[in-house]
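Work through the exercises below with the sequence and the 3D structure at hand. Each task is followed by a worked solution.

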Amino acid sequence: MRTLIRLTALTAALTGTTLAAPFALNLNILNGDRPFTGQLTTQAGQVITTDLWQLYISNVALVKDDGTELPVPGLTLLQLGGTNKTQNVPVLKGDVPAGTYRGVRFDVGVPRALNHLDASTQQAPLGLDAGMFWAWNPGYIFSRFEGKAQVGGQTRDVALHMGADTRRLTVSLGDPMKPGTIQVKDGGAPVTVNLNAARMVAAGVGADKFDLSDAKYTQVHGGPVADQLYLNLGTAFSLAGAAPAAGMSMPGTK
């Protein structure tokens with residue numbers, strides 16, 4: 001086996017090719033600068049206890065040092081609420097050329113080509129069993145957060161649903177001016193991304209607070225508040241163990 005590995009490495013060196021290495025994208029869920037424990041505090045100081053949180057991750061790609069992208073195929077539906085783990089959550093695995101990369105890019109949402117197919121004919125994670133499809137508005141829910149909060153002495157159900165092609169969120173992490181932000185060695189190495197869940201309820205529409213005493217913030221399925229959730233989530237991601245430049249680009253028609 002060692003002889004085979006040496007011969008393979010020698011062949012790669014002579015031909016100028018790069019050996020494939022295992023790549024893994026992982027996610028840490030945070031509440032501010034601390035691990036997520038299932039509770040979020042809104043900008044108005046109300047505490048939401050999470051019952052369910054699911055979101056789609058797709059169109060993962062590593063950004064090469066020359067600025068081109070290396071796609072890592074796959075579509076994942078993450079389960080983040082309830083008793084599910086919140087640290088080192090596996091998102092996607094694949095094989096990529098070993099080397100250095102400027103960053104990683106991915107979408108929160110379902111690609112347009114898949115978003116309007118008949119959900120009853122799709123396999124997991126796109127089937128109806130996932131509970132992420134709007135029957136009244138064809139297309140998938142990209143981020144489905146549900147929980148309960150005490151507001152004015154009463155318990156309120158909170159449903160924060162974000163979807164539609166115009167809210168497919170593209171997240172770009174890394175330093176476009178600095179090669180080697182991400183290193184994938186021959187033995188492979190995970191890339192870990194932080195998601196600060198508190199950012200989702202950190203700002204309301206316009207200059208308003210995200211205040212659950214206003215009913216428009218407790219049951220969100222579209223409209224201006226869903227647009228604000230899109231903007232909020234765009235600021236929630238960062239590379240773990242680094243101080244990267246995080247960015248969000250508006251979705252196109254991919």
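Contact means heavy atoms within 4.5 Å. The model used here is predicted.

**Exercise 1.** Find where R167 is placed, decide whether R167 is buried or exposed, and list what it is in contact with.

Solution.
1. R167 belongs to the loop that runs between β9 (154-163) and β10 (169-174).
2. Buried means under 20% relative accessible area. R167 has 11% relative accessibility, so it counts as buried.
3. With neighbours within four places in sequence left aside, the contacts of R167 are V108, F142, M162, G222, G223, A226, D227 and Y230.
4. For D227, a polar contact links its side chain to the side chain of R167, at 2.7 Å.

**Exercise 2.** What kind of peptide bond joins A124 and P125, and where is P125 placed?

Solution.
1. Omega between A124 and P125 is about 10°.
2. The bond that joins A124 and P125 is a cis peptide bond.
3. P125 is found in the loop between α2 (112-115) and β8 (141-151).

**Exercise 3.** For N59 and then N88, give phi, the place in the structure and the accessibility class.

Solution.
1. N59 is not a glycine, yet its phi is positive, near 50°.
2. N59 sits in strand β4 (residues 47-64).
3. Partly exposed covers values between 20% and 50%. The relative accessible area of N59 is 25%, so N59 is partly exposed.
4. N88, also not a glycine, has a positive phi of about 55°.
5. The loop between β5 (69-79) and β6 (89-97) holds N88.
6. At a relative accessible area of 43%, N88 is partly exposed.

Technical notes
Residues numbered from 1 in each chain as written. Predicted model: local features only at pLDDT ≥ 70, side-chain atom pairs only at ≥ 80, totals over all residues. Heavy atoms only, no water. Helix = DSSP H or I, 4+ residues; strand = E, 2+ residues; numbered from the N terminus. Buried < 20%, exposed > 50% of the residue type's maximum accessible area, 1.4 Å probe, protein only. Polar contact = N/O pair within 3.5 Å; in protein donor to acceptor, adjacent residues only side chain to side chain.
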